[in-house]
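Student: Could you take one part of this protein and go through it slowly with me? I'd like to see what sits around that part and then work outwards to the rest of the chain.

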Amino acid sequence: MLTGKDRAKLKKIAHKENPIFNIGKNSVTDELVGAIEEALEKKELIKIKILNNNLDDPDYIIETLLEKLNAEFVSHIGNIITIYRQSKEKKIVL
């Protein structure tokens, strides 16, 4: 579970990063979850953009991703979601 200080630190780190995944009209697929899983293991902190052609509720997408990936919610600003999951190598020290 992330504390407020941890979340603030992660937001600061993520601020300069660009989204590396887009969620479009197909929403959350198994292939997308697998790709995000790999990225989380390599980077620990990633941004995901929800495209305008996606008709699902953003809160539903966030909950689904967090549940399937066992990740922590960092932020949701506009159509950008930031999530975190500690990898085995612990690249980001909180």
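Tutor: Let's start with a word we'll lean on a lot: a residue is called buried when its relative accessible area is under 20%, and exposed when that figure is over 50%. Keep in mind, too, that this is a predicted model.

The part I'd pick is strand β4, residues 80-84. Run the cut-off along it and five of the five residues come out buried, so the strand is largely enclosed by the rest of the structure. Now think about which way the side chains point. In a regular strand they alternate between the two faces of the sheet. For β4, that puts Ile80, Thr82 and Tyr84 on one side, with Ile81 and Ile83 on the other. Both of these faces are covered, as each of those residues is buried.

Next, what lies alongside β4? Take β3 to begin with, which covers residues 72-77. Five bridges join β3 to β4, and the two strands run antiparallel. If you want to trace the pairing by eye, find Ile77 and look across to Ile80 in β4. Then step to His76, whose bridge partner in β4 is Ile81. The connection between these strands is a hairpin with two residues between them. In that turn sits Gly78, with a positive phi of about 65°.

While you're in β3, have a look at Ser75, which belongs to that strand. Its relative accessibility is 9%, so it counts as buried. Setting aside neighbours within four places in sequence, Ser75 is in contact with Ile80, Ile81 and Thr82, and also with Lys11. The first three of those names are ones you've already met in β4. As for Lys11, it falls within the range of helix α1, which is given as 4-14.

Another partner of β4 is β2, residues 45-50. Here too there are five bridges, and again the strands run antiparallel. Ile48 is a handy landmark, as it stands opposite Ile81 in β4. That makes Ile81 a good residue to centre your view on: Ile48 of β2 pairs with it, and so does His76. Strand β2 is itself mostly covered, with five of its six residues buried.

Keep going from β2 and you reach β1, residues 21-23. This pair is joined by three bridges and runs parallel. Ile48 turns up once more, standing opposite Phe21. Now you can walk across the strands from Phe21 to Ile48, and from Ile48 on to Ile81.

Two loop residues are worth a quick visit for their backbone angles. Glu44 sits in the loop between α2 (30-43) and β2. Its phi is near 75°, a positive value in a residue other than glycine. With 0% relative accessibility, Glu44 counts as buried. Asn70 is placed in the loop between α3 (58-69) and β3. It isn't a glycine either, yet it has a positive phi of about 55°. At 64% relative accessibility, though, Asn70 counts as exposed.

The start of the chain is worth a glance as well. Met1 belongs to the segment before α1, and at 87% relative accessibility it counts as exposed. Despite being 72 residues apart in sequence, Met1 and Phe73 are 9.4 Å apart in space, C-alpha to C-alpha.

Now zoom out. Altogether you have three helices and four strands, and from the N terminus they run α-β-α-β-α-β-β. The radius of gyration is 13 Å, close to the 12 Å that the globule rule gives for 94 residues, so the protein is as compact as a globular protein of that length. Its C-alpha trace spans about 35 × 25 × 20 Å along the principal axes. Buried residues make up 40% of the protein. Of the contacts with a separation of 6 or more, 72% link residues 24 or more positions apart. On the outside, the accessible surface comes to about 6100 Å², with 50% of it belonging to carbon and sulfur atoms. There are 16 positive and 15 negative charges, and their mean positions are 9 Å apart.

Technical notes: Residues numbered from 1 in each chain as written. Predicted model: local features only at pLDDT ≥ 70, side-chain atom pairs only at ≥ 80, totals over all residues. Heavy atoms only, no water. Rg over C-alpha atoms; globule rule 2.2 N^0.38 Å. Buried < 20%, exposed > 50% of the residue type's maximum accessible area, 1.4 Å probe, protein only. Contact = heavy atoms within 4.5 Å. Areas by Shrake-Rupley, 256 points an atom, 1.4 Å probe, with all protein chains shown as cover. Lys, Arg positive; Asp, Glu negative; His and termini not counted. Charge placed at Lys NZ, Arg CZ, Asp CG, Glu CD. Pairing = 2+ DSSP bridges.
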